[in-house]
Amino acid sequence: MLAESRSSLQTVFCIFVFLRLEFGKGMQRIGLLTSGGDAPGMNACIRAVVRYAERRGIEVQGIRSGLRGLAAGDFIPLGRLDTVDIIGRGGTILGTSRFPDFLHPSVRARCAEQLHRAGIEGVIICGGEGSFKAAHTLWQEHQIPIVGVPATIDNDIPGIDESLGFDTAVNTAMEAIDKIRDTAESHGRIFFVEVMGRWSGYIALYAGIAGGAEYIALPEERTDFQSLYEEIQRIGPDRRVIVVVAEGDEKGGALAFAEYFREQYGIESRVTLLGHIQRGGSPTVRDRLLGSFLGKVAVDALLEGKTDGYVGQHQGQLTFVPFETLERYRRIVPSVYVELAKWLV
Ligand code: F6P
């Protein structure tokens, strides 16, 4: 009896989802939000979504301040004119937020209610891992058709080649390292330069190699302090040494490295924390193109009835990855690149 009623409930649910997806193909109004840490290229994505949707006869409601704005119903209609001259701007014109309140079921229900009330039939969310997990719950609990555009400087989204903002951030970090090298060289100093990346060392790896660092400390691997010390000795006194440290390194970042070397070996050094400078700035050509391309593709995905996943490029092809992948898999730097770094620094 119980099994029977459960299976008829499941059937009703499936029919509901089917109708919802079929209905999605004729959407009149979609919502668009940027969420989590801002990433250069988000504006290019906003521009593409708005312009392409307009051409397809679909209205776009911008959701301000990320998930916080969604819960508050902070919506604003977006048209072509709102997107003039934004493609080269960093940040996001819609604003964004970290919004831990979203963990409460009642807040999620309010988000769904706001969308229904505004007649929004599908949502595009431009953000990173946390935002996509939130999007997944919105679909699961409230059947809101939702498609993600991966945007995070950390480049830690699985199943795609690159997330929006990574290229700009890594170029910013490399330029900063180039500048620090001038001072390090002039004074013959050791510098520990900290870059962003909570659990993924992509920024550290790319900027470290491109910036000609002597050592790169990644969250993906334990640092061998003794061999780093020996390397510094080998380079010789009063010679410049640049060590790039990912913020997520198990030692706890560049300040911890400097402290350790002072205490353990009596080595004086300087520390530079690049911090949020890596999140800002005008996006590179690559991020502008990626944002534009994925913005358009995300609209197509919604209109094709796709939901509960994110669009991306993978090995030269378009891909659609289920949000659920993030529950099972965390993207880190592959070991082949970690090895490569050892040979190139
Ligand atoms: O968005 C990714 C990221 O920049 C991480 O590299 C960093 O650890 C974190 O966000 C910082 O977040 P917030 O700006 O909220 O302090």
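**Close-up views of a two-domain chain and its ligand**

**View 1. Two domains of the predicted model.** The centres of domain 1 and domain 2 are 36 Å apart, taken over C-alpha atoms. Domain 1 is built from two segments, 2–165 and 283–328. Domain 2 covers 167–280. Where they touch, domain 1 supplies 15 residues and domain 2 supplies 14 residues.

**View 2. The ligand between the domains.** Both domain 1 and domain 2 give residues to the shell around the ligand, so the ligand lies between them. The ligand occupies the largest pocket.

**View 3. The shell around the ligand.** Gly37, Arg98, Ile153 and Asp154 are among the surrounding residues. Met196, Gly197 and Arg198 also belong to this shell. So do Glu247, His276 and Arg279. Sorted by class, the shell holds five charged, three polar and two nonpolar residues.

**View 4. Polar contacts of the ligand with Asp154, Gly197 and Glu247.** A side-chain N or O atom of Asp154 is 2.7 Å from a ligand oxygen. For Glu247, a polar side-chain atom lies 2.5 Å from an oxygen of the ligand. Gly197 takes part through its backbone: one of its polar backbone atoms is 3.4 Å from a ligand oxygen. How much of the ligand's area does the protein bury? Taken alone, the ligand exposes 400 Å², and the protein buries 78% of that.

Terms used. Residues numbered from 1 in each chain as written. Predicted model: local features only at pLDDT ≥ 70, side-chain atom pairs only at ≥ 80, totals over all residues. Heavy atoms only, no water. Near = heavy atom within 4 Å. Polar contact = N/O pair within 3.5 Å; in protein donor to acceptor, adjacent residues only side chain to side chain. Areas by Shrake-Rupley, 256 points an atom, 1.4 Å probe, with all protein chains shown as cover. 1 Å grid on protein atoms, 1.4 Å probe; cavity = no way out; pocket = protein on both sides within 12 Å on 5 of 7 lines; lining within 4 Å. Sits in = over half its atoms within 2 Å of the grid points. Nonpolar A, V, L, I, M, F, W, Y, C, P; charged D, E, K, R; others polar. Domains from an automatic or database assignment. Contact = heavy atoms within 4.5 Å.
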